[in-house]
Amino acid sequence: MRSLFTRRRASLAAASLTALLAGGAALAATPGVDEPPLPGTPRALEVPSFQEARLPNGVRVIVAERHALPLVSVALYLHLGAAADPSGRAGLAALTNDLRTKGAVVDGQRLDATQIARQAEALGSSLDSATDWRGSALTMTVAKPKLDAATALMAGSLLHPTLAAGELDRLKQQTSDSLKLSLSDPMALAGLTARRAWWGGSVYGGAVTPASLARIGRTDVQAFARQQLRPELATLVITGDVTLAQAKALAQRHLGSWKPNRMALPQPRNEAAAPQTPTTVLINLPGAGQSGVVVMAPAVPYDSPDRRVAQVAGAVLGGGYSARLNQEVRIKRGLSYGAGAGLDFQPVGGVLSARTQTNNTTAGQVVQLMRDEIVRMGQELPADEELEARKAALVGGYGRQVETTGGLAAVALDLIGRDRPLSDAQTHVPEIQAVTAVQVRDYAAKQWSLMALRTVVVGDMAKAAEGLKPVADKPLTLDAKDLDLESATLVKAR
């Protein structure tokens, strides 16, 4: 009886297991349960149109309406940035703009840095500053009922900053400490060196250094602030739950009394690239655990008709995990945790920078791989699947950006800074999608020859130098302590 019972129990268990497996198989076929849900219907990307107006004093007002939520992003932009930094004082524009958030007279009340931060927090936001080559901006994102108060805080900070000496000293010290950390990191130092090596004596080769910061005094900051403060250089951007009429009334209330003057508008520097170093630069950073590698190739100016082709070509080369550089360097060979490429467009030209970090002993191998991949772009067509994946990544990134009010404001600021039509926001995606494989190959063939490439490696040369010999023909080799990022030659004067 016991044996029969055991056999029956085993038979029932087997039958139950069979049923369970069969049921599991049916269940696993149910999307959203044991399988990912089925893709939804693709949604067309909708980019709101920008509308604009001007105040009598010249202030530009730009609005993108999005009324789904009572939320607005506000940016107050001055069209003069780091390209106007005086020689030897790189960082002046950024310091000046950052100081606007550290003390100002707002609605007749003198506020210090803590009080400005508290007022911004009371509005559910923060007052942020950002500076690039083309301009400086103050930004906030608030609920619509807080829009007037946020604009008042931003306008006061822009027009009436105190530019306190103590705050300037503190900012300089904080920035200098951060830079010292970057200068000890092989990848960060390779990026800074590569910029100077590519652009040479151009303003776009400039890098903020502890030495350039030390030269900046309060009188420099005050002079730069006066130079920037022209209503003709100012733009108020508001995106979200607002109309153009409301934005214009708001701008008139807070910026309308700002008086223009008859002086000529300041002009930023705009020199073309003028390299003054060999095509390969090796920086010895003793004790560095790894080497930072940057290989650079030419790119077109932002206004070029080929700018979208350049973006797609850059994305195919190094725009994501499945892009070519990461495939070759990381996935196939395990020489790095990741490799990619980025584009820097300027009015007088641009540069593509392929970057990665690797063991010192494999730096030469990685340089060769990256050069080969860049040149190969001009020798064969990208596969249809590869091209479509990279274009989809670019479109998806842009779509995620314009989905937020802050991202939409950033799009407007970029177009303003580049003096581009605001309608570029609507044509961006169709232009990306229209790029063909033939255009990508032909662009790369024209721009990315082996002779056009420049390379920077920063690492422990006691370990890296031997492997770099096959790829470094007559390089400039420097110890990091002898590197001068303010010099077009990279060499400290003796």
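These are my notebook entries on one protein chain, whose structure is a predicted model.

**Entry 1: the whole chain**

I began with the overall make-up of the protein chain, and I recorded 17 helices and 14 strands. I then looked up its extent: along the principal axes, the C-alpha atoms fill a box of roughly 105 × 60 × 50 Å. How many of the 494 residues count as buried? I noted a share of 49%.

I next turned to the contacts with a separation of 6 or more, and found that 80% of them join residues 24 or more positions apart. For the accessible surface I wrote down about 23100 Å², with 55% of this area belonging to carbon and sulfur atoms. Finally, I looked up the charges: the chain has 53 positive and 45 negative ones, and their mean positions are 3 Å apart.

**Entry 2: two pairs of helices**

I recalled that two packed helices are described by the angle between their axes and the distance between the axes.

I took helix 2, residues 92-99, and helix 8, residues 218-228, as one pair; their axes are 9 Å apart and the packing angle is about 85 degrees. Helix 2 is therefore roughly perpendicular to helix 8, as angles of 65 to 115 degrees are classed in this way. I listed the residues that make the contact: L92, A93, T96 and L99 come from helix 2, while D220, V221, F224, A225 and Q228 come from helix 8.

I then examined helix 10, residues 307-318, with helix 16, residues 437-447; here the axes come within 9 Å and cross at roughly 90 degrees. This crossing makes helix 10 roughly perpendicular to helix 16. On the side of helix 10 I found V309, A310, V312 and A313, which meet Q439, V440 and Y443 in helix 16.

**Entry 3: G318**

I stayed with helix 10 and looked up G318, which lies in it. Is G318 buried or exposed? Its relative accessible area is 7%, so I entered G318 as buried, the cut-off being under 20%. Setting aside residues up to four places away in sequence, I found that G318 touches A323, L325, G340 and A341. I also compared its position with that of K259: the two residues are 59 apart along the chain, and their C-alpha atoms are separated by 48 Å.

**Entry 4: E373**

My last residue was E373, which I located in helix 12, residues 363-376. With a relative accessible area of 6%, E373 is buried. Which residues is E373 in contact with, leaving aside its neighbours within four places in sequence? I recorded L317, R324, L325 and E328. I noted that L325 is among the contacts of E373 and also among those of G318.

Conventions: Residues numbered from 1 in each chain as written. Predicted model: local features only at pLDDT ≥ 70, side-chain atom pairs only at ≥ 80, totals over all residues. Heavy atoms only, no water. Helix = DSSP H or I, 4+ residues; strand = E, 2+ residues; numbered from the N terminus. Buried < 20%, exposed > 50% of the residue type's maximum accessible area, 1.4 Å probe, protein only. Contact = heavy atoms within 4.5 Å. Areas by Shrake-Rupley, 256 points an atom, 1.4 Å probe, with all protein chains shown as cover. Lys, Arg positive; Asp, Glu negative; His and termini not counted. Charge placed at Lys NZ, Arg CZ, Asp CG, Glu CD. Axes fitted to C-alpha atoms, helices over the stretch in contact; angles between N-to-C directions. Parallel < 35°, antiparallel > 145°, perpendicular 65-115°, else oblique.
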